[in-house]
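Thanks for coming. I have one structure to show today, and I will put it on the screen now.

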Amino acid sequence: MLLIVIVELATIPWFGIARMKNENPGPTAMMKQRMDEAREEGKPLKITQRWIALSKLPRHVIVAEDGTFYSHSGIDWFEVQESIQKNVRERRPARGASTITQQLAKNLYLSTSKDPVRKAKELIITLLLEQELSKNRILELYLNVIEWGRGVFGIEAATQTYFGKSASALTLEEALRLAAVIPSPLRHRPDADSPYVMRRKNIVLQRLTVRYANQYSPQKENSSSQSLNEVQDDATMDSTDIDEGDNGL
């Protein structure tokens, strides 16, 4: 047992995270997992990813994501406790509790497995990311590596794939749709009007409306053009309404 713990601890990037202050990562663990899955299925898979700077993204991209991102330490401990309790009650991994930083940790270094050991490593890597990197850098990395479809990684590739434009020109409606499919990007497309996409899109919009009063509404979806760097103190969107899906959230 001790040997297993030592081996698992040795796989944690204790010193590699600091390099990402100024360097963009290469192929992530999630990309490699999807490539391996495709190889096993005998299906070719091309990875599409195009990097975009955080400063080029509209404000509403971030407010459609993690509600307490700029105020928490990377882990929402209340949600972790709630998740554990529900999983114990149902005797299966029934609920996720992933913040943006936790999702980044998983995408960069881990897998979609719901193994408790993987989850423990995720928490450690999350704390390392928060310690070594700024919030803006974490968010930039997250938006550029997260999965948004088969072989589609990062918000620039996703926006070009589904909406035929750069992420710098995303409307609120499109940002909501992208946020809606993050838990299950292999099952749902953001450009589809499926019940799942419409339900989750409306949930995210309702939370925005409650928090920002009349600032966000369908009529005003094109009125917000502030840079993401201008909203560090008030950018908010909860990530707790997450279904069990392709990403193992």
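I will go from the whole chain to two helix pairs and then to the salt bridges.

First, a caution: this is a predicted model. The protein chain has 10 helices and two strands. If you read along the sequence, the order is α-α-β-α-α-α-α-α-β-α-α-α. Of the 249 residues in the chain, 52% are buried. Now take the contacts between residues at least 6 apart in sequence: 73% of them join residues at least 24 apart.

Let us start with helix 5, which runs over residues 100–109. How many of its 10 residues are buried? Nine are, and the helix is mostly covered. The buried ones are I100, T101, Q102, Q103, L104, A105, K106, N107 and L108. What covers them? The cover includes helix 2 at 29–41, helix 6 at 116–132 and helix 7 at 135–145.

I will pick helix 6 from that group. Helix 5 and helix 6 pack at about 110°, and their axes are 8 Å apart. The two helices are therefore roughly perpendicular. Their crossing is right-handed. On the helix 5 side, the contact uses T101, Q102, L104, A105, K106 and Y109. On the helix 6 side, the partners are R118, K119, E122, L123, I125, T126, L129 and E130. By type, the residues of this contact divide into six nonpolar, three polar and five charged.

Two of those helix 6 residues also pair with each other. R118 forms a salt bridge with E122, and the closest N and O atoms are 2.3 Å apart. Both residues lie in helix 6, four residues apart, which is about one turn of the helix. As general background, an α-helix has 3.6 residues a turn, so residues three or four places apart point the same way. Are R118 and E122 buried or exposed? Both are buried.

The second helix pair is helix 8, residues 155–163, with helix 9, residues 172–181. These also pack at an angle of about 110°, with axes 12 Å apart. That angle makes helix 8 roughly perpendicular to helix 9. Here too the crossing is right-handed. I155, A158, T159 and F163 in helix 8 meet E174, R177 and L178 in helix 9. This contact divides into four nonpolar residues, one polar and two charged.

Both charged residues on the helix 9 side, E174 and R177, come up again in the salt bridges. E174 pairs with K165 at 3.1 Å, N to O. E174 is buried, at 12% relative accessible area. K165, at 24%, counts as partly exposed, because the cut-off for buried is under 20%. As for R177, it belongs to a network of salt bridges that links E173, R177, D193 and K201.

One more pair is D191 with R189, whose side chains meet in a salt bridge at 2.8 Å, N to O. D191 is partly exposed, with a relative accessible area of 33%. R189 is partly exposed as well, at 45%.

How many salt bridges are there in the whole structure? A search finds 13. In general terms, side chains of opposite charge can pair when their charged atoms come close.

To recap: helix 5 is mostly covered, helix 5 is roughly perpendicular to helix 6, and helix 8 is roughly perpendicular to helix 9. That is what I have.

Technical notes: Residues numbered from 1 in each chain as written. Predicted model: local features only at pLDDT ≥ 70, side-chain atom pairs only at ≥ 80, totals over all residues. Heavy atoms only, no water. Axes fitted to C-alpha atoms, helices over the stretch in contact; angles between N-to-C directions. Parallel < 35°, antiparallel > 145°, perpendicular 65-115°, else oblique. Left-handed = near helix turned anticlockwise from the far one by under 90°. Contact = heavy atoms within 4.5 Å. Nonpolar A, V, L, I, M, F, W, Y, C, P; charged D, E, K, R; others polar. Buried < 20%, exposed > 50% of the residue type's maximum accessible area, 1.4 Å probe, protein only. Salt bridge = Lys/Arg side-chain N within 4 Å of Asp/Glu carboxyl O.
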